[in-house]
Amino acid sequence: MAYTEDHIALAAEYALGTLDADERAQVETMMAVDPAFADIVQAWAYRLGVLNQMVGTIEPRPVVWENIRAELARTAFAQEPPAQAEAAVPPPPPVPEAFAFDTAPTETSSAATPPTEPPPVESQPGEPPPSEAQPPETARPDDALPDIAPVFMPQVHAPDPDVVHAPPAPVVDNTNVIRLEGRVRRWRTVASAVGALAAALLVTLSLQIFRPDALPGALRPAPRIQTVEVKTPGTPLAASAQYVALLQGQGGGPAFILTIDGATRNFTVRKVGATPEPGKSFELWLISDKLPRPRSLGVIGAGEFTARPLLAGYDADLVSGATYAVTIEQAGGSPNGQPTSAPVFSGKLIETVPPAQPQAPAKK
Amino acid sequence: MLTPAELVGLIEAVAKGDQAAFERLYVATRAKLYGVVLRILRRQDLAEEVIQEAYVKIWNSAGQFNPALSSPITWMASIARNRAIDIVRKKSEVSIEEEPQAMEVAADSPDPLARREMTEELKRLLECIGRLEPDRQRLVLLAYYNGWSREQLAEKFSAPVNTVKTWLRRSMLDIRECLGL
């Protein structure tokens, strides 16, 4: 096995859970670029997972099932079951009723029947079919969120990009004003909170980007490329440097890797872990407190790489300090130049110095 | 309680989009998964949120489940627990213990099972953990069951964080060696 003890220990500690947030992000990045390493981490997770046999069972409230059901009704067909996904032609859009679970699950085990049922989610019939072509601006599935899951209000105590998808306060009077407010709030949360997550960029990632042939199996404990976090938003882009942003979703792990060339300000988006559902496109946005609203950087192409020169029009401070986010839009992109849903992936730029630069290997 | 083989069948059905199977899978496994994450998060709101996300992920990735690599419940619990750990690590500035809603979890580690209820894999792992020094055993189990960070462990064991870091690393490598990996 080509992995050092450091890598094994890192994988094991990830599974154990004792790594800090930055280190976890680091491992997730390594997993994303190196499937063999991902297998090692996974094996540890399963190896330790048997410990859960000793954990006592506790019944969750019935509302949890309601929320799962509502969430799946909204997104169930974002990912087709494998059998269908392999079909050459995308299957016809499933009707929403296909995911019509009834209230709480019936008890088939010996577990005690949960006490009172909350009223069934009333908006079920009215919600937009998950895979239907996007209706115009005013009726996005995202906007319908408060209707679908009004009972579930996660309490967010600290800005956490992982929960920005949480629905805003239940909206009874669904006026445009309120909906827009919710959307703005979500975007603001993303812009301010994403920095914390964006944190750890990995040596491995840079390696993957600059020397893809060096992976896998060539992971080294000593970094070959120094990575420097851009701590202060507004640090102008250095012409000699490369910048990288991992655009991560709530599930953890990067879905897109955005690289920007400091000299040309050309950017490239590499798709690593996401596929849009049929009839939808991923659209990239630049969010900055220097701009009144998110600016579209265009639709991300179907291929693995999408390269564009668009950033040349923006000033360097803005580019380096901005948050980059991806939303799901109708095929071809948002019709009005504004994001029509909350971002599903986002991240900030981190400067990476290419290996050509002389450097002392970082030792721990 | 369904047998592992029955659960495998359900996950295979879920991978094909069988919603009834998904519901049965949920009913059969929710209390275990909730027990695992509530122990770590100690807050009902967060634990419920994690369970919701975990089952959505289970629905979406059922096709990736490989019964040769893990039991169904281990696979599912690992998805939920991983998410719970993500959340406690990202909330490090806000101590979960200080939250008014924080729940008490009395014991350091869960109740022991009768030996006959344990799978072979668990017996083997416990044997290897049992070969660690007593303090290290508790360290590993507290980390796993309670999702404690190095800082929390350092406080518990009155040791510097860096020492805990070394202990954890050494313990994991010792376990690996003991398991013959």
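# A guided tour of chains A and B

Start by selecting residues 98-108 of chain B: pLDDT (the predictor's confidence in each residue, from 0 to 100) stays under 50 here, and the model has 14 contacts beyond four places in sequence for this stretch. Two residues are in contact if their C-beta atoms, placed from the backbone, lie within 7 Å. This is a predicted model, in which local features need pLDDT of at least 70 and side-chain atom pairs count only at pLDDT 80 or more, while totals for chains, interfaces and linings use all residues. Residues are numbered from 1 along each chain as its sequence is written, and chains are lettered from A and ligands numbered from 1 in the order in which they are written.

**Colour by confidence**

Now colour chain B by pLDDT: the mean is 87, and 86% of its residues reach 70 or more. Among the helices of chain B, confidence is lowest in α5 (residues 120-130), with a mean of 90, and highest in α8 (residues 161-178), at 96. For the complex, the predictor gives an ipTM of 0.92 and a pTM of 0.54.

**Show the cartoon**

Chain B has eight helices and zero strands, whereas chain A has nine helices and nine strands. Both element types are DSSP runs numbered from the N terminus: helices are H or I with at least four residues, strands are E with at least two. Of the 181 residues in chain B, 44% are buried; for the 364 residues of chain A, the figure is 42%. Here, buried means that 20 or more other C-beta atoms lie within 10 Å of a residue's own, exposed means 12 or fewer, and partly exposed is in between, with C-beta atoms placed from the backbone. Among contacts with a separation of 6 or more, residues 24 or more positions apart supply 64% in chain B and 69% in chain A.

**Select α8 of chain B and its partners**

Show helix α1 (residues 5-16) of chain A together with α8(B): they pack at an angle of about 100°, with axes 9 Å apart. Axes are lines fitted to C-alpha atoms, for helices over the stretch in contact, and angles run from 0 to 180 degrees between N-to-C directions. That angle makes α1(A) roughly perpendicular to α8(B). On this scale, under 35 degrees is roughly parallel, over 145 roughly antiparallel, 65 to 115 roughly perpendicular and the rest oblique.

For sticks, pick A:Glu5, A:Ile8, A:Ala9, A:Ala12, A:Glu13 and A:Leu16 on one side, and B:Leu168, B:Arg169, B:Met172, B:Leu173 and B:Arg176 on the other. The residues of this contact divide into seven nonpolar, no polar and four charged. The classes are Ala, Val, Leu, Ile, Met, Phe, Trp, Tyr, Cys and Pro as nonpolar, Asp, Glu, Lys and Arg as charged, and the others, Gly among them, as polar.

Keep α8(B) on screen and add helix α6 (residues 134-146) of chain B, which packs against α8(B) at about 90° with axes 10 Å apart. These two helices are therefore roughly perpendicular as well. B:Arg136, B:Leu139, B:Val140 and B:Ala143 of α6(B) meet B:Trp167, B:Leu168 and B:Ser171 of α8(B); by class that is five nonpolar, one polar and one charged.

**Cross to another contact between the chains**

Next, bring up helix α3 (residues 35-49) of chain A and helix α4 (residues 72-90) of chain B, whose axes come within 9 Å and cross at roughly 105°. A:Ala45, A:Tyr46 and A:Gly49 meet B:Thr74, B:Ala77, B:Ser78 and B:Asn82. This contact has three nonpolar, four polar and no charged residues.

**Look into the core**

The largest nonpolar core has 78 residues, and those with the most contacts inside it are A:Ala11, A:Val41, B:Val37, B:Leu41, B:Val50, B:Ile51 and B:Ala80. Helix α2 (residues 19-41) of chain B gives the largest share, 11 residues. Such a core is a set of buried Ala, Val, Leu, Ile, Met, Phe, Trp, Tyr and Cys residues joined through C-beta atoms within 7 Å. Zoom in on B:Leu41: leaving aside neighbours within four places in sequence, its contacts are B:Leu46, B:Ala47, B:Val50, B:Ala84, B:Ile87 and B:Val88.

**Finish with two backbone stops**

B:Arg42 has a positive phi of about 60° although it is not a glycine. B:Arg42 counts as buried, with 20 C-beta neighbours inside 10 Å. Draw a C-alpha to C-alpha distance from B:Arg42 to B:Asn146: they are 9.0 Å apart in space and 104 residues apart in sequence.

B:Ser158, in the loop between α7 (150-156) and α8 of chain B, has a positive phi of about 45° and is not a glycine either. B:Ser158 is exposed, with 6 other C-beta atoms within 10 Å.
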